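Student: I have a structure to go through with you. Can we test the terms against their definitions?

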Amino acid sequence: MTAVIYRSKHGYTKKIAEAISKELNAELFSIKGAKNLDTSKYDSFVLGSSICAGMFGGKGDFLKFYQKISDKKISIFTVGMTNPTDGEYYKKLDDMNFASFNLKNNAKVFHLMGGIDYKELGFLTKKLMGMIVGQIEKKENKTEEDEKMLKMKTEKVDLFKEEDIIPLIQFIKG
Ligand SMILES: Cc1cc2nc3c(=O)[nH]c(=O)nc-3n(C[C@H](O)[C@H](O)[C@H](O)COP(=O)(O)O)c2cc1C
């Protein structure tokens with residue numbers, strides 16, 4: 001049996017966690033709801049949260065939980081607006097967020113794209129997003145994701161695709 005544990009601010013990670021748990025017939029918990037979970041019931045875990053300013057949200061809570069289950073099969077997933085093909089970005093992100101997890105072969109980190117609804121954001125966050133969009137506007141060769149990101153200021157953007165979870169599912173099943 002697998003347990004999927006997530007943290008989500010605006011619901012995008014939750015939606016992905018739901019898709020993963022459906023695919024794995026797993027039980028689904030928020031990180032807060034999993035505080036007193038009897039982990040001995042499960043042989044594998046999926047842990048997921050969104051990236052906020054380069055940090056894996058709720059990292060401290062996830063690390064505490066991870067330390068209880070580190071001998072099981074574990075997929076960790078991040079949800080952000082940075083394309084997973086940006087290896088340099090995610091190398092830094094992994095070093096900063098997951099070095100303290102001391103991951104072994106039984107655990108692997110996956111990076112997924114989420115979404116954002118500009119209208120839901122506060123004043124400062126809107127400004128930050130405006131800066132990110134500004135950087136994309138300057139790019140000469142824009143990817144499909146870049147084009148979607150440019151729409152972020154006028155409409156809700158969701159870059160998650162169901163097939164993106166396949167490698168994570170295969171890791172847990174393998
Ligand atoms: C304040 C803020 C900061 C963010 N920082 C990053 C970031 O550093 N890197 C990134 O790839 N995405 C970043 N994002 C995008 C979020 O990770 C993305 O919107 C995600 O889907 C949110 O998921 P959630 O609703 O489950 O929290 C940021 C979003 C917000 C609102």
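Student: What makes the shell around the ligand polar, nonpolar or charged in its parts?

Tutor: The shell divides into 8 nonpolar, 11 polar and 1 charged residues. Ala, Val, Leu, Ile, Met, Phe, Trp, Tyr, Cys and Pro count as nonpolar, Asp, Glu, Lys and Arg as charged, and the others, Gly among them, as polar. This is a predicted model: local features need pLDDT of at least 70, side-chain atom pairs need 80 or more, and totals for chains, interfaces and linings use all residues. Numbering runs from 1 along each chain as its sequence is written.

Student: Which residues are closest to the ligand?

Tutor: His-10, Thr-13, Ser-50, Gly-80 and Gly-114, out of 20 that surround the ligand. A residue is near if its C-beta atom, placed from the backbone, lies within 6 Å. Strand β3 gives the largest share, 3 residues.

Student: Why does the ligand lie between the domains?

Tutor: Domain 1 (2-114 + 159-173) and domain 2 (116-158) both give residues to the shell, so the ligand lies between them. The bounds come from an automatic or database domain assignment.

Student: What makes strand β1 (residues 2-7) mostly covered?

Tutor: 6 of its 6 residues are buried. Buried takes 20 or more other C-beta atoms within 10 Å of a residue's own, placed from the backbone; exposed is 12 or fewer, partly exposed in between. Strands are DSSP E runs of at least two residues, helices H or I runs of at least four, numbered from the N terminus.

Student: How do you know that β1 and β3 (residues 44-52) pair?

Tutor: Pairing takes at least two DSSP bridges. β1 and β3 have 6, in the parallel sense, so they pair by that definition.
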